[in-house]
2 protein chains.
Amino acid sequence: MQPKLQKNKTITVECPATIANLVCGFDILGLALNNPQDIMELTLTDEPGIRITHTDAHPLPTDPLHNVAGVALLELMKEANDPSLGFDMMIDKRIKPGSGLGSSAASSAGAVVAANLLLGNRFSNEDLVRFAMAGEKLASGVKHADNITPCIYGGVTLIRSIFPLDIIQLDSPPLYVSVVHPQIEVKTSDARQILRKEVLLKDAIKQWGNIAGLVAGFMKHDHQLISRSLEDVIIEPVRSILIPGFDEVKKSCKDEGALGGGISGSGPSIFMLSTEEKTAIEVEKIMIDIYTRLGIDFKTYVTTINTDGVKLINN
Amino acid sequence: MQPKLQKNKTITVECPATIANLVCGFDILGLALNNPQDIMELTLTDEPGIRITHTDAHPLPTDPLHNVAGVALLELMKEANDPSLGFDMMIDKRIKPGSGLGSSAASSAGAVVAANLLLGNRFSNEDLVRFAMAGEKLASGVKHADNITPCIYGGVTLIRSIFPLDIIQLDSPPLYVSVVHPQIEVKTSDARQILRKEVLLKDAIKQWGNIAGLVAGFMKHDHQLISRSLEDVIIEPVRSILIPGFDEVKKSCKDEGALGGGISGSGPSIFMLSTEEKTAIEVEKIMIDIYTRLGIDFKTYVTTINTDGVKLINN
């Protein structure tokens, strides 16, 4: 049966920010946030091709071939194999590009989830991850899925393998997330560049102990195990050098009672998980104090884990 | 309150074989088996010191300072801090030393669990792991806990960290385990020696994806996820060279329907996990055929995961 197309219909979706890597889970773990979220409107039209407009102030390209949402949507259209398909896309980007909060993933994921809704859900979530990865490749040069996946599925997700794609949704307790985005530039490509190609086996063993502990901690809803496992001996010691204030933020927030945290994605944002809202708010205050003192512009959020992923907000 | 000592009482315990490493979980994961198991008798006596006898044919040292069970028990006695304590120990070793099935761990763990029972359970399981690790240090030169821990706790266990010791019990579905012990010598110290000190970051990432998948697979009782995650890109490619027939055993057993498996501990035993008993028996036949054809002496087992750990079998 041919899925029902919703021609000339406009839908609006919310596309959550995401935290990739989750400290010890470099390239494999991620979670979605309830704030910030992009807003995206998509219309299925009679005019073939993609037309992109931005209502935000970010100087992002509107040529579909140079826009992450455009590239992701083209990937979906290629597989849909219907040359008559056309889309008008309006993006209100509220997740700042370069923040380390999955801004490009939100656009790529939002575009393909919205398009799939308009095309009668002909593709699976796993297909949508595959399409959206084309956007990530444009943004960072690498087809990674650790922002895309939580953005589409919601919650905490594990990418066991990227080729072939193997996605596992992990149960987790409700947690509060404090985020600070110090407004300095850390390019994903630079952040990848400074990593060593080889790591000590003994460090790798520590890391996989922590990853195993973190997965078990989420699934058992064991806050203290999550806390003990939020330790990264491989990536953070290198990348944190690019983020002024990182060590102080991390230490002070943990002293305040945060379970732990680290660099969001490849930075510069820093996130901290807490069991209680009041701790998360105290943690935000610490973040504000430190970056105010350092004289670096910043933005903070206190939010929770988003369990929906990209979501229709009108119909 | 002083715990009640059971002077001149003899107790008998069963001490299970264990599989360390669990393919991708090098140094952190392990599970206990219902077969083979050592039998150990321990008597708390009025004569200070430790006296060890063996009823098996293995030429193991009986000097407590050179016997893994003796060394583990001495560690416990040191902490018990009672110079009047004395033990007679009788070991019937049914787990062949050097098999890769945790023979030394069974002795070390059995000794301290039995002693703790006679001393009125004054120590925690975590204490017992600490004591028994002294036995592992004597056996292999390294204080590892990935056989000791499942031997004491039973089931599938994760050592998130060894210093400080952080043990997590993982739920798992009931599984059948087929084991072949090709009777060639692979020394734990040699098996450690041939590992590279550095690994590629990209391989480490694959490995931790699999570890995360394996932990999630056990906890979700997801057999197919367990199967997909039983892949080791770091240790097995190096160590399997020491085990003739390894590649053929692994491939043929997986073709037969085993979920997967690999080297038990540092070898030479090979284990395979299966969902159904009949698959596990077919897998054992394949193991028998291959080692018969290769002209290498071997022993096989078809068993299940032991969920008790070291267990009192009389009182």
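This section describes a predicted model of two chains, A and B, beginning with the relation between the copies and moving on to their contact, one interface residue, a helix of chain B and a sheet of chain A.

A turn of 180° with a shift of 0.0 Å along the axis lays chain A on chain B with an RMSD of 0.0 Å. That is the relation of a two-fold axis. The copies meet through the same surface, because 100% of the interface residues of chain A are also interface residues in chain B.

Chain A and chain B put 32 residues each into the contact. On the side of chain A that touches chain B, at least two residues come from each of β5 (156-161), β6 (166-170), β8 (198-200), α6 (201-220) and α7 (223-229) of chain A. The element that gives the most to this side is α6(A), with 13 residues. Sorted by class, the side of chain A that touches chain B holds 19 nonpolar, six polar and seven charged residues.

Strand pairing also links the two chains. Strand β8(A) pairs with strand β8 (residues 198-200) of chain B in the antiparallel sense, over three bridges. Within this pairing, L200(A) has E198(B) as its bridge partner in β8(B).

One residue of helix α6 of chain A is G213(A). A residue counts as buried if 20 or more other C-beta atoms lie within 10 Å of its own. G213(A) is therefore buried, as 27 other C-beta atoms lie within 10 Å. Leaving aside residues up to four places away in sequence, G213(A) touches L225(A), R228(A) and S229(A), and from the other chain L158(B), R160(B) and I168(B). Between G213(A) and S229(A), the separation is 16 residues in sequence and 5.5 Å in space, C-alpha to C-alpha.

In chain B, helix α3 (residues 125-140) consists of 16 residues. From its first C-alpha to its last, α3 of chain B reaches 22 Å, close to the 22 Å expected at 1.5 Å a residue. The helix α3(B) is mostly covered, with 12 of its 16 residues buried. Among the buried residues of α3(B) are L128(B), V129(B), F131(B), M133(B) and L138(B), as well as the charged residues R130(B) and E136(B). After α3(B) comes G141(B), which has a positive phi, near 85°.

Chain A also contains an open sheet of four strands, in the order β9-β10-β7-β11, with antiparallel pairing. The edges are taken by β9 (260-263) and β11 (298-304) of chain A; each has a single partner strand, so one side of each is left without a neighbour in the sheet. From one strand to the next, the twist averages 15°. Within the sheet, strand β7 (residues 176-182) and strand β10 (residues 270-274) of chain A run antiparallel and are joined by five bridges. In this pair, V180(A) has I270(A) as its bridge partner in β10(A).

Two helices of chain A are described as packing on this sheet. Helix α9 (residues 246-255) of chain A touches β7, β9 and β10 of chain A, and its direction makes about 165° with that of β9(A). Helix α10 (residues 277-294) of chain A touches β7, β10 and β11 of chain A, and the direction of α10 makes about 10° with that of β7(A).

Key
Residues are numbered from 1 along each chain as its sequence is written. Chains are lettered from A and ligands numbered from 1 in the order in which they are written. This is a predicted model: local features need pLDDT of at least 70, side-chain atom pairs count only at pLDDT 80 or more; totals for chains, interfaces and linings use all residues. Two residues are in contact if their C-beta atoms, placed from the backbone, lie within 7 Å. Two strands pair if DSSP finds at least two bridges between them. The expected span of a helix is 1.5 Å times one less than its number of residues. Copies are superposed by least squares on the C-alpha atoms of residues with pLDDT of at least 70 in both. Axes are lines fitted to C-alpha atoms, for helices over the stretch in contact, and angles run from 0 to 180 degrees between N-to-C directions.
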